[in-house]
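Student: I have the model open and would like to talk through how the chains fit together. Could you take me through it, beginning with what we mean by a contact?

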Amino acid sequence: MNRRKFLTMLGSAGVVSALASTTAPKEAKASHIFPYYPESYGVLHDTTRCVGCRSCEQACNEVNSLPKPNKPFDDLSVCNTKRRTSATEWTVVNKYKMNGKDVFRKLQCFHCQDPACASACFAKCFQKQPDGSVTYDGTQCVGCRYCMIACPFYVPGFEYNEAWDPLVKKCTFCKPRLDKGQLPGCVEACPMDALTFGRRTDLIKAARKRITENPDKYLDYIYGEHDAGGTAWMVLAPANPKGPKVPPENPVLAGPEMKQLGLDTHLGNQPMGELTYGALGTVPMIVAFWPVLFGGAYAMTKRREAMHKEEQEKTVRQAREDVAKAVDAVVRTIQETEGEGAADRARKAMAEALKARGEAGKHGEGA
Amino acid sequence: MRNRTKMLLLTAIALVGAACLMFREPEGISAAHAPELTDSGAQPAMVLFPVSDKPSRGVSGMKPVVFNHKLHEGKVQECESCHHTGDPVPCTTCHTVEGKAEGNFVTLERAMHASNIAPRKDGRTPQSCVSCHRKVYTERLECAGCHSIVKPTENDDWCAVCHADLPSLTREQWQAGIQGKLSPAENVAIASSTIASKKPHEYLEGSRTRYRVTLDTLKDKYEANVFNHARHIVSLQRKIANDPLANAFHSSSSILCQTCHHHEPATTQPSKCVSCHTPTIDRAHPERPSLKAAYHLQCMGCHDGMEVKRPRNTDCTGCHRLRTVQQEETK
Amino acid sequence: MENHSIVIPTREKMFNMGPLLKPTPGNIITWIILAVGLIITIIRFTQGIGSVANLDDNQPWGMWIGFDLLCGVCLAAGGYFTTVACYVMGMKHFHSAARPAVLTAFLGYLFVVVALLYDLGHPLRLPYMFFFPGTTSVLFEVGLCVATYLTVLFVEFSVAPAEWLSNRFPIVLKWRTFVNKINILLTIFGMTLSTLHQSSLGSLYLICPGKLHPLWYSPFLPMFFFVSSMVAGASMVVMEGFFAHKGAHAYMDSTHLRESDSVVLSFSKAASFILMAYFMLKFIDMLVQANTGYLFSGYGAWWLVEMFGFVLLPALLYAKGSRDGNVRLCQYASMNAVAGIVLNRFNISMIAFNYQLPSAERYFPSIWEILISVFVVTMIVTAYRFIVYHMPILYEHPNFKDAHH
């Protein structure tokens, strides 16, 4: 086996393990192209039809056996205050003022095509199912609530008052009912068919048809078609009858209108998770390169120390030799001029002086 | 006893209604638009030809349109609404069939039919015939009811409302008109004679339709709704009786019926809603409203458009009473 | 002068609990905080998070993450900063600062994990992330790195307890020798792990651009977190020196005392440079993202307060202090810098988070949440004191004089 072959094998092993770590059913594509599950279902919420009767809330409560709320479902005054989904209310209907008119919008999990919660979960509790639903498995949930931070729609709720088994709760797309061939509870209960269930691809076509046929009625923007990478649940909003017409499918220009309906069109058309992939991508680079970088720095430090030491020793040796030579020369001169006795005395005195100096130096170093 | 009183009362109301109709109807529609001089000094009516810059090869293109200037002048507040440059010249001065530089290459077809005109910064946004008419039927409450749920089908009949046959127009006159060479006097004469010869439409009388319809397919939590069919028709007809625009475009007597009885030709025996709108959502046609939603969308759509305040959309018992256990037992 | 009054545990007297049990005002306050914290802990774990915390569905991460985790990890950066400077870059005169820094880092990380247990709904399931690894999650990377780094820190730190315990269990000396041999490996490994998770704490917020105010949100959040963690590391060493001198002066040997001023001045110089760079990074990022418009709002003013009062000001104070050799000024600068780091983490996790929500739906920590955080900090301080009183942290053990050479 030559070197190139070995490296190729190493490389492909890395790729294989990287692929295995991403979710298995996805195809190995260079970039995400939605819809990932072309057959997946979705729901189109037409807010021009919604009258705010809360039938969907009631149906959701009943089919999911959620605790009964304090105020009954026919009390429509609750729509006047802004509510959000929580652990016990998986869907709520809010009233918004849109260009002076009351518009109702149902809030629930959008069931993103590439969900932020699933990307954020570090224990793999969330799963995008082929039928379009984003499901949550509480048995392995650690309760870190990063999914709630990640969700751009403020959807998941947490059971803060549960001591022993607190879990994240959200709309399930009535997955158990879908499996039985039934419609989601809210869709079935809607007296206005403001919720249309179908294949996501068909729903987009249907929404487009509605917009084309009623250009004055609808804002030309299907919320959720591309937002946050696309969502299974999508929203149609009424157009402003008085204002200028908003150009089609323009998230920036439709933004102010959608904002009145509590929808953010500035989430971008990439899945939220992809925002973190760049940062995560640097991990292997750092793991690979930092040891080299700092190991190199360490080696350089060591080398410099060694060189410094060598230089120092050389200088010291030189100095010693110089002093010895000087002493010899001086003693020889004294011997020639003063005689042997004087030379001996001078040698002794010099040796003592050097010794004393050396000791003083050692002390100084040691202190 | 109570039923008889009710019956008498209803008969009385129906009679009064019918009487009103009989007296009001003729005076509204038969008021012929005699050619008179207009306030602005413009001709009372004219034929608008599809003027073309190309050397004409005989009579071709769209049929000319008779334009009742006087009538429109009364409806529109300012001349600039149509003469958007502020200069009262014929449209074809700038907008020809092919379009030319003076008109920013906006073709005559666009100038007359464009419905999505970008607003101009100086506020003088031009209007076309179609956009102005659309504004009328979406903003006037009498119209907005039906027109919030149905839109005009833009078919040949719709075109022919304006682009009608002109019996008094000769081929030579037509050709001259296209070239812009028809004398104004001749033009006005043709227009006036056409307007004078117009006959009002006849509507299906409210009394000839079903008086009441009981909508009981879905009664479960609520009682059946008893829909006063005749009253709705009479009321709709009365609301548009004096409106020349509505009368021009609701060209057949049955067109009002087709707001609710859509997707089928007019008949006195229309099919039931439930024949298409199934009581539960049809999984094969998820886009088609279920029966309940179909009712609600029709009723509430129209009421919302007309800004009918009562009953509120969420006041279920305003239209169908709550069904009590006792009632269920007795049945 | 040498070993003036250091109490070195011997075989006969292993424990030196006196200073911890003496009823001084400081000790009494500590006992009270620990007792209250214990009670809240019991309530938290028997009644649920909602019984003590103001956390809600909009603000799932509050004080416990914003302070205990983000600030805790960041302020424990002294560990990698000092060891890299000392062992890798060969700045031998930081030697006496290395052990205290490693100790602080170890305690910091240990109690980050402890605090995390309060915040988790299922604290016992924390290891699940290794069984069901969600590899697309930034939090997974943080968890993996923190767990590994805590182990590395434990090994690095274990030299001190080994020296302490060798009185009675001489076998641990083998472990000590082994650790000393792989010291450089541990340092470089720790540096790598620190780079990863310090920056990943910033990456945590990359996923919610709609929730975090644009002045704080940036694709470069991980970089900002990493750079500011270096500042935090240097500043914490300086600041900790200040407090250690107040509380544990008696446990410092002459080497430590001689080197401490030079450590303060050198670290101040480094911190000054890094803070300047951090200031420029943040400022250029603001310009590049075309966020100048936001500067003229309430949040803009707050951002400017953070940038000028808590980044630029400490940078200048550090610069002046290190140039003039003014140790006291450097220590003040370090407190300013640490406050700035805490402020930045608070802004990102709480103040500028959910900035679009109406104030009624915003979060403010409950008194119990704050008390838990105080409890955790008190536990760190107590553990630090216990270790300093028993193990050779601020002094060199006379039996192991050769250790560093």
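Tutor: Two residues are in contact if their C-beta atoms, placed from the backbone, lie within 7 Å. Please keep in mind that this is a predicted model.

Student: OK, so how many residues of chain A are in contact with chain B?

Tutor: On the chain A side there are 19 residues, and they are in contact with 16 residues of chain B. Strand E8 (195-199) and helix H7 (200-213) of chain A are the elements that give two or more residues to the side touching chain B, and E8(A) gives the most, with three residues.

Student: And what classes of residue are on that side of chain A?

Tutor: The side of chain A that touches chain B divides into 10 nonpolar, four polar and five charged residues.

Student: Where does E8 sit in its sheet, then?

Tutor: E8 belongs to an open sheet of four strands in chain A, in the order E8-E1-E10-E9, with mixed pairing. E8 and strand E9 (218-223) of chain A are the edge strands, each pairing on one side only, and the twist averages 20 degrees from one strand to the next.

Student: Which way do E1 and E10 run, and how many bridges join them?

Tutor: Strand E1 (residues 41-46) and strand E10 (residues 233-238) of chain A run parallel and are joined by four bridges; within these strands, A:Val43 stands opposite A:Trp233 in E10(A).

Student: What lies across the strands?

Tutor: H7(A) lies across E1, E8, E9 and E10 of chain A and runs at about 130 degrees to E8(A), while helix H8 (residues 251-260) of chain A lies across E9 and E10, running at about 90 degrees to E9(A).

Student: Switching to chain B, how is it divided?

Tutor: Chain B is divided into domain 1 (24-197) and domain 2 (207-268 + 278-329), and 35 Å separate the centres of these two domains, taken over C-alpha atoms. The contact takes 20 residues from domain 1 of chain B and 21 residues from domain 2 of chain B.

Student: Which element gives the most on the domain 1 side?

Tutor: That is H5(B), which gives seven residues to the side of domain 1 of chain B that touches domain 2 of chain B. By class, that side of domain 1 has 11 nonpolar, five polar and four charged residues.

Student: Last one, on chain C: is H10 mostly covered or exposed?

Tutor: H10(C) is mostly covered, with 17 of its 21 residues buried. This helix (residues 183-203) of chain C reaches 30 Å from its first C-alpha to its last, close to the 30 Å expected at 1.5 Å a residue.

Definitions and conventions: Residues are numbered from 1 along each chain as its sequence is written. Chains are lettered from A and ligands numbered from 1 in the order in which they are written. This is a predicted model: local features need pLDDT of at least 70, side-chain atom pairs count only at pLDDT 80 or more; totals for chains, interfaces and linings use all residues. Domain bounds come from an automatic or database domain assignment. Ala, Val, Leu, Ile, Met, Phe, Trp, Tyr, Cys and Pro count as nonpolar, Asp, Glu, Lys and Arg as charged, and the others, Gly among them, as polar. The expected span of a helix is 1.5 Å times one less than its number of residues. A residue is buried if 20 or more other C-beta atoms lie within 10 Å of its own, exposed if 12 or fewer, and partly exposed in between; C-beta atoms are placed from the backbone. Two strands pair if DSSP finds at least two bridges between them. Axes are lines fitted to C-alpha atoms, for helices over the stretch in contact, and angles run from 0 to 180 degrees between N-to-C directions.
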